[in-house]
Amino acid sequence: MSSPEQWTHPEPDAAPAATAAKPTAEQVIAGLRATDEGGADLVQLLTPEGERVTHPDFDIDITPEELRGLYRDMVLIRRVDREANALQRKGQLGIWVPLLGQEAAQIGAGRAMRETDMAFPSYREHGIAWTRGINPTELLGIFRGTDQGTWDPVEKRFHPYTIVIGNQVLNAAGYAMGQKFDGRVGDDEGEATMCFFGDGATSQGDVHEGFVWAAVYDAPLVFFCQNNQWAISEPTERQSRLPLYQRARGYGFPGIRVDGNDVLATLAVTKWALDECRHGNGPILIEAFTYRMDAHTTSDDPTRYRLSDELEMWKLKDPIERVKVYLVRQQWADSEFFDGVEADADKLGEELREFCTNMPDPPAERIFSNVYAEGNPNLEAQRDEFLDYVSGFAGGEH
Amino acid sequence: MKTTYREALREAIRDAMNRDDRVFLMGEDVGSYGGCYAVSLGLLEEFGPERIRDTPLSESAFVGAGIGAALNGMRPIVEVMTVNFSLLALDQILNNAATLLHMSGGQFPVPVVIRMTTGAGRQLAAQHSHSLEGWYAHIPGLRVLAPATLEDARGMLWPALCDPDPVLIFEHNALYNLSGELADDAGPVDLTRAAVRRPGTDVTLITYGGSLAKTLTAADELAADGIDAEVIDLRTLRPLDADTFLESVRRTHRAVVVDEGWRSGSLSAEIAARIAEEALYELDAPVRRVCSAEVPIPYAKHLEEAALPQPASIAAAAREVVRGG
Ligand SMILES: Cc1ncc(C[n+]2csc(CCOP(=O)(O)OP(=O)(O)O)c2C)c(N)n1
Ligand SMILES: [Mg+2]
């Protein structure tokens with residue numbers, strides 16, 4: 001349990017107001033403390049130094065091959081992230097939403113899922129997309145502004161990205177209820193749903209209502225909250241007095257805080273949670289304690305509201321480095337392996353650049369597509385009028 | 001003084017905060033971040049975290065809390081990032097803000113001001129780009145404002161805060177960088193009248209907010225064609241100042257309504273209906289409307305542009321009513 005001090009905010013008048021450029025000393029300390037300590041309940045299996053530790057409730061047998069796979073996933077998705085970020089800087093993407101720092105949370109959670117499980121992402125879940133078998137190139141259209149994402153959500157069991165904060169949680173609750181009504185829950189072969197959202201989202205009514213619904217219908221739903229410490233410029237303390245995972249108790253289901261920078265712990269906890277859900281013991285809340293290492297999006301400048309010290313501290317907890325250290329120390333991987341992963345990352349980066357710069361602009365009719373599942377006479381009339389008007393301009397394909 | 005729409009809004013907030021200590025601003029990221037569109041940048045340093053409040057991420061809660069604070073005598077300015085997200089607070093706006101005075105037998109006025117961004121044109125896709133101010137203009141009990149100029153950005157907030165009723169202010173996202181001259185002593189403006197932004201004799205173009213600049217551009221194009229268009233900026237979408245546009249239509253005998261909202265069941269429909277009710281026999285041609293395509297706002301730049309009213313489509317509609325197509 002958290003100590004009582006954690007249950008109250010610092011006195012608002014205790015110190016002079018901070019300026020954007022210069023927080024007060026108290027704020028610096030409070031900020032560093034809040035973001036440094038995951039607390040006694042934090043589930044961890046691999047320390048930031050790369051030391052394997054055990055946990056009484058959650059442990060995992062991992063083969064060298066599996067761990068190499070997780071490492072590779074994280075390196076590749078980080079490369080995708082950096083590459084896309086660079087493409088945005090070069091004007092090839094309108095915006096990018098970086099996942100830097102959250103690789104372990106996403107790869108751990110994503111690799112815990114089975115093909116039959118369903119995922120509802122928010123907008124930063126490129127790592128989850130990767131684990132669902134979605135080619136990163138399929139994400140690019142969303143950020144280049146040419147399409148809304150091209151994967152098939154039914155086939156991949158990966159819902160489209162959600163932008164309106166928290167509102168996918170209700171849809172996930174409904175989807176999971178459907179799995180239960182369909183009798184696809186109850187044994188080892190059962191299905192489950194995962195819903196991804198951020199620390200900021202936990203303040204939305206939709207998320208609370210989703211908790212209530214999933215609880216009263218025993219829905220096979222894992223709420224996976226990536227607490228990356230920030231909701232744009234607002235720290236998690238602006239959203240909650242209580243550590244977020246402890247909220248679950250009030251709704252009547254377990255809540256667990258896992259080291260979101262520890263891919264092993266995240267994998268173990270999520271596997272357990274999904275298993276519980278498969279067997280009909282859902283829902284469950286997981287708070288993955290992690291850090292957004294980069295800006296909120298490429299439109300954001302985090303120096304306006306947070307300290308670089310905080311970032312430096314989290315760099316020491318890098319999700320990829322600790323796995324590398326462990327792999328080397330165990331002699332589970334040699335330099336040939338690491339070079340191979342690097343080469344794969346280079347190749348992936350190249351593919352992304354190539355794909356991005358060659359994406360075609362969509363045709364004008366697209367404006368009127370998929371507004372209704374079947375035809376609609378009013379809309380068809382508007383479309384015809386529009387295309388007629390457009391064709392009046394010289395060279396007016398669009 | 002040279003300024004921008006964004007700075008004029010900020011100056012209006014600053015002025016209101018200085019005039020009345022019951023005024024405070026709250027919303028997501030309005031503090032050190034300075035608001036989603038940087039309107040409140042610097043105000044945290046000036047007024048402190050009690051009066052420039054970052055809120056938990058919850059539209060229904062901060063709009064509802066704004067209503068509660070207003071009931072208790074405060075004068076809150078609530079900032080919602082975009083009109084799309086105001087839908088999470090629609091219950092509070094309609095069922096409480098707009099209704100409490102009536103349902104409390106006049107005991108509970110709700111002097112809250114809710115500001116939000118509206119409109120498309122910045123490639124923010126279908127969940128950040130709609131123009132839903134027409135929906136709010138449908139609701140009795142609200143005053144709905146759409147500042148389209150520096151004067152109105154600077155001058156609408158204070159009278160809105162003085163209004164005992166809830167006021168919604170819609171800031172079109174294309175306007176924040178609008179720059180120009182603003183009088184040093186610019187201050188509160190009248191909220192009751194529409195404005196003639198360009199006098200003319202041949203056709204009345206009725207618009208507001210983010211479409212004003214496009215409509216003025218269309219009017220220039222039309223002038224080159226020998227068509228003298230009058231441009232009316234509604235300014236207040238509810239209650240509508242119909243007299244100003246009806247008077248104009250009676251002179252020009254032709255009307256085009258330009259509205260970035262969707263056409264069916266819309267504010268543009270309301271204006272066309274008022275003209276039909278009050279001035280049908282003055283018309284030499286049917287009223288035309290230039291609105292957004294009735295689709296979720298597209299994402300790709302060229303598709304987004306094509307889906308919105310543009311100077312060319314506005315001018316084409318005006319030519320049609322003047323020359324019969
Ligand atoms: C309903 C709604 N309100 C506001 C926003 C604007 N917004 C986009 S992301 C964001 C912060 C979300 O923070 P968090 O839930 O912690 O997720 P993170 O971005 O950190 O992954 C906000 C306020 C939005 N998209 N939807
Ligand atoms: Mg966050």
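Trainee: By class, how many nonpolar, polar and charged residues does the shell around ligand 1 have?

Mentor: Good place to start, and keep in mind that this is a predicted model. To read a binding shell, sort its residues by class: here the shell around ligand 1 has 12 nonpolar, 4 polar and 5 charged residues.

Trainee: Which residues are the closest to ligand 1?

Mentor: Of the 21 residues that surround ligand 1, the closest are A:Ile165, A:Gly198, A:Gly200, A:Ala201 and A:Ala231. Two elements of chain A, strand S2 (193-198) and strand S4 (230-231), give two or more residues to this shell. As for its place in the assembly, ligand 1 lies between chains A and B.

Trainee: That brings me to the chains. How many residues does the contact take from chain A and from chain B?

Mentor: Count each side separately: 36 residues come from chain A and 29 residues from chain B. On the side of chain A that touches chain B, helix H14 (residues 377-391) of chain A provides the largest share, 4 residues. By class, that side of chain A divides into 18 nonpolar, 13 polar and 5 charged residues.

Trainee: Let me turn to chain B. Into which domains is chain B divided?

Mentor: Domain 1 spans 2-181 and domain 2 spans 195-323. The C-alpha centres of these two domains of chain B lie 26 Å apart. Their contact takes 23 residues from domain 1 of chain B and 21 residues from domain 2 of chain B.

Trainee: Which elements of chain B each supply at least two residues of the domain 1 side?

Mentor: They are helix H7 (133-136), strand S6 (143-145) and strand S7 (167-172) of chain B. S6(B) gives the largest share of that side, 3 residues. The classes on the side of domain 1 of chain B that touches domain 2 of chain B are 12 nonpolar, 8 polar and 3 charged residues.

Trainee: Now a single strand. Why is strand S14 (residues 288-292) of chain B largely enclosed?

Mentor: Look at burial residue by residue: 4 of the 5 residues of S14(B) are buried, so the strand is largely enclosed by the rest of the structure. A general point helps when you inspect any strand: in a regular one, the side chains alternate between the two faces of the sheet.

Trainee: Do S13(B) and S14(B) run parallel or antiparallel?

Mentor: Parallel: 5 bridges join strand S13 (residues 255-262) of chain B to S14(B). For a landmark, B:Val256 stands opposite B:Arg288 in S14(B). Then follow the path between the strands: the chain crosses from S13(B) through helix H12 (residues 267-279) of chain B to S14(B), a right-handed β-α-β crossover.

Methods:
Residues numbered from 1 in each chain as written. Chains lettered and ligands numbered in written order. Predicted model: local features only at pLDDT ≥ 70, side-chain atom pairs only at ≥ 80, totals over all residues. Domains from an automatic or database assignment. Contact = placed C-beta atoms within 7 Å. Nonpolar A, V, L, I, M, F, W, Y, C, P; charged D, E, K, R; others polar. Buried ≥ 20, exposed ≤ 12 C-beta atoms within 10 Å, placed from the backbone. Pairing = 2+ DSSP bridges. Right-handed = clockwise from strand over helix to strand, strands pointing away. Near = placed C-beta within 6 Å.
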